[in-house]
Amino acid sequence: MNKIGIYPGTFDPMTAGHMDIIKRSLKIVDNLVIAVAKNINKVSLFSLEERIKIINNDISTLPEINSKIKVIELSGLLTTFAKNQNATCIIRGLRAVSDFEYEFQMTGMNYQLNPEIETIFLMTSEKNSFISSNFVKEVHKLGGDVSNFVSKNTLDELN
């Protein structure tokens, strides 16, 4: 059976932490759908189309896995989207205990909406545990060097 996972997020911008979760997800699933969301509660630095382009450019540098990945817009409920993609699981990255609390609640809601789709949590690697898109945006906006936290492609788009 072809196991399809969904990795949802805003990816604004794509970080080294996101890329780490993408690579590790493909050890668990055969194919991965990166579901790029419009978050109505956040003001995005990049448009949805720009974020999809950046992610596609980043994964294109990984020829060994990019054929197993599809990047598309997430609209509507995640559980409905996952069902429409024939996904068996949702992949979520965790950095800290504070992430777990939010993700735990979201997982409970998703399970109530569709108990057929499991959620898998991947702890971020130690070197990426402090990276968040919000920190990257803030440090960059204040003139700091974010080159260790994002790909060259993403850095070029930030500049």
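At 53% relative accessibility, Phe104 counts as exposed, because the cut-off for that class is over 50%. The model is a predicted one. Phe100 has a relative accessibility of 37% and therefore counts as partly exposed.

Phe100 and Phe104 both belong to helix 4, which covers residues 97-113. They are four residues apart in that helix, so about one helical turn separates them. The structure holds three aromatic pairs. In one of them, Tyr7 and Phe11 meet edge-to-face, with ring centres 5.2 Å apart and 80° between the planes. Phe100 and Phe104 form a tilted pair, at 5.5 Å centre to centre and with 35° between the planes. Ring pairs also bring in Phe121, linking Phe100, Phe104 and Phe121 into a cluster.

The residues of the edge-to-face pair can be placed by their accessibility. Tyr7 has a relative accessible area of 5% and is therefore buried. Phe11, its partner in the pair, is buried as well, with a relative accessible area of 3%. Both values fall in the buried class because that class takes in residues under 20%. The edge-to-face pair is thus formed by two buried residues, whereas the tilted pair joins a partly exposed Phe100 to an exposed Phe104.

Another buried residue lies in a loop. Gln85 is found between helix 3 (78-84) and strand 4 (89-94). Its relative accessibility is 17%, so Gln85 counts as buried. Apart from neighbours within four places in sequence, Gln85 is in contact with Ile4, Ile6, Val33, Lys70 and Ile72.

A second loop, between strand 5 (118-123) and helix 5 (133-141), holds Phe130. With a relative accessibility of 46%, Phe130 counts as partly exposed, because partly exposed residues lie between the 20% and 50% limits. When residues up to four places away in sequence are not counted, Phe130 touches Phe135 and Phe149. Phe81 lies 49 residues from Phe130 in sequence, and the C-alpha atoms of Phe130 and Phe81 are 29 Å apart in space.

The two loop residues can be set side by side. Gln85, in the loop that follows helix 3 (78-84), is buried at 17%. Phe130, in the loop that precedes helix 5 (133-141), is partly exposed at 46%. The contacts of Gln85 include Ile4, Ile6 and Ile72, while those of Phe130 are with Phe135 and Phe149 once residues up to four places away are set aside.

Terms used: Residues are numbered from 1 along each chain as its sequence is written. This is a predicted model: local features need pLDDT of at least 70, side-chain atom pairs count only at pLDDT 80 or more; totals for chains, interfaces and linings use all residues. Side-chain values use heavy atoms; hydrogens and water are left out. Buried means under 20% relative accessible area, exposed over 50%, partly exposed in between (1.4 Å probe, protein chains only). Contact means heavy atoms within 4.5 Å. Rings of Phe, Tyr and Trp (its six-membered ring) pair if their centres lie within 6.5 Å; planes under 30 degrees apart count as stacked, over 60 as edge-to-face and the rest as tilted.
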